[in-house]
Amino acid sequence: MKLFLKLLGLLVGVPTVATVLFFFWASAGTADKQTYADTFEYDAPSASQQDSYTIVSYNIGYLSGLANNTTVRPEQSLFTANQEKAIAALQAVKPDIVGFQEIDMGAKRSYGVNQVDVLAKALGMRGSAIAVNWDKNYLPFPYWPISAHFGKILSGQAIISRYPIEKNNRIVLERVADKNFVFKAFYLDRLAQVAQLDIDGKTLVVISVHLEAFDEETRVRQTQFVRSLAEDYAKTNPVILMGDFNSALDRPTFVSAQGDTYTETKFSIKEMLASDLLTSAIPQENWSDKSNATFPADQPEYKLDYLFYTPSSIEVMNTQVVTQADQSSDHLPLMMRFRLK
């Protein structure tokens, strides 16, 4: 009987210990947290003084195209092709600043490529600033099959610029509260990345965000926070707030890549319309126009990506959804040409 109990203890205990050890190892990061908001410089000539500038916001979906967050494991050739297509599309609009969301900095799912460096160098940028929001030894997502697991991941947001990046700040936004500890251990941080750029002697504050996709109450509060954050900077500087807000006025229900259905009743993007200091580069009355839709990339139907600016200090010349990017991501880039007053 004692031998049986010992064997039973081993059968139960060893797998339990192994599971616990795997959990703590897998959910730990591989990078030094002190590097989560690093800036980098490249061997590129200084930008000449200009009368106007171009900024792009792009949820690049780690260059996985429509396979983003699905159980499909794309071949490396797909990432290479999407990278070339995204570079060509961005080169065509000649951006001075690009804010990326969902960009990998050396992840198994995108074959270890530092997409920030590749894109910054290809576009002739002077510098980049990163904001890491997903750093795990092993990410067991999508859940099945195991062969589709993301594995080691280092990902987040980045701002690349032809102009000097003076400061870069990574702000972690409120997390979804009603989730279990396993979900919280592996879920990505939602961020506001704040970069201060020296644009021909003037400080431009660029804030890039990627807000909560699935929990509406959390997303509403995150939107309120980033609006307040941008308004604080707007008291002293020109500000551009951009990114994937994961909200559309004409999308009451949507289905995730995993097949779960979600509803939007409060339409969190409305929180931005309450601002007295910031306005949308594309007027609200045009948001439902399909030519301004950014998602999904193959048949754009909804506007999830936005550019807001301070009209007291910035003049918008024109905007454009960069359709040439095609299906490099599941989102399309949004461009704004502007002047500083």
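Me: Which classes of residue make up the lining of the largest cavity, and how many of each are there?

Reply: Let's start with the general idea. Rolling a probe the size of a water molecule over the atoms shows where empty space is left. In this predicted model, the lining of the largest cavity has seven nonpolar residues, one polar residue and two charged residues. You can find them yourself: the lining is made by Y62, A67, V72, R73, P74, F79, R109, A148, H149 and F150. The volume of this cavity is about 70 Å³.

Me: How many cavities of 30 Å³ or more does the structure hold?

Reply: There are two of 30 Å³ or more. The second largest cavity has a volume of about 50 Å³, and its lining consists of A248, L249, D250, W287, S288, Y302, K303 and Y306. Sorted by class, that lining gives five nonpolar, one polar and two charged residues.

Me: Y62 and F150 caught my eye. How do I read an aromatic pair, and what kind do Y62 and F150 form?

Reply: Good choice! A pair of aromatic rings is described by the distance of the centres and the angle of the planes. For Y62 and F150, the centres are 5.9 Å apart and the planes make an angle of 70°, an edge-to-face pair. Y62 sits in the loop between β2 and α2, while F150 sits in the loop between β4 and β5, so the pair links parts of the chain that are 88 residues apart. Both residues also belong to the lining of the largest cavity. In total, the structure holds 20 aromatic pairs.

Me: Now the pockets, please. What is the volume of the largest pocket, and which residues are closest to its centre?

Reply: Its volume is about 1100 Å³. The lining has 47 residues, and N69, F141, F214, S256 and Q258 are the closest to the centre. Two or more lining residues come from each of β3, β4, β5, α4 (181–186) and β10 (253–255). By class, you can count 22 nonpolar, 15 polar and ten charged residues.

Me: Which element gives the most to the lining of the second largest pocket?

Reply: That is β4, with five residues. This pocket has a volume of about 210 Å³ and a lining of 17 residues, with K33, Y36, D135, K136 and D189 nearest its centre. The classes here are seven nonpolar, three polar and seven charged.

Me: Let's turn to the sheet. In what order do its strands lie?

Reply: First, the general idea: strands of a sheet pair through backbone hydrogen bonds, either parallel or antiparallel. Here, seven strands make an open sheet with mixed pairing, and you can trace them as β1-β4-β5-β3-β2-β15-β14. At the edges are β1 (39–41) and β14 (314–321); each has a single partner strand, so one side of each lacks a neighbour in the sheet. From one strand to the next, the twist averages 20°.

Me: How many bridges join β2 to β3?

Reply: Five bridges join β2 (residues 53–59) to β3 (residues 97–104), and the two strands run parallel. To see one place where they face each other, look at S57, which stands opposite G99 in β3.

Me: Which strands does helix α2 lie across?

Reply: Helix α2 (residues 76–93) lies across β2, β3, β14 and β15 (334–340), and runs at about 155° to β2. Helix α3 (residues 115–122) packs on the sheet as well, touching β3, β4 (127–139) and β5 (151–161), and its direction makes about 155° with that of β3.

Technical notes: Residues are numbered from 1 along each chain as its sequence is written. This is a predicted model: local features need pLDDT of at least 70, side-chain atom pairs count only at pLDDT 80 or more; totals for chains, interfaces and linings use all residues. Side-chain values use heavy atoms; hydrogens and water are left out. Two strands pair if DSSP finds at least two bridges between them. Helices (H or I, at least four residues) and strands (E, at least two) are DSSP runs, numbered from the N terminus. Axes are lines fitted to C-alpha atoms, for helices over the stretch in contact, and angles run from 0 to 180 degrees between N-to-C directions. Contact means heavy atoms within 4.5 Å. On a 1 Å grid over the protein atoms alone, a cavity is a set of points where a 1.4 Å probe fits but cannot get out, and a pocket is an open set with protein on both sides within 12 Å along at least five of seven lines; lining residues have an atom within 4 Å of a point. Grid points are joined across faces, edges and corners, and a volume is the space filled by probe spheres set on the points. Ala, Val, Leu, Ile, Met, Phe, Trp, Tyr, Cys and Pro count as nonpolar, Asp, Glu, Lys and Arg as charged, and the others, Gly among them, as polar. Rings of Phe, Tyr and Trp (its six-membered ring) pair if their centres lie within 6.5 Å; planes under 30 degrees apart count as stacked, over 60 as edge-to-face and the rest as tilted.
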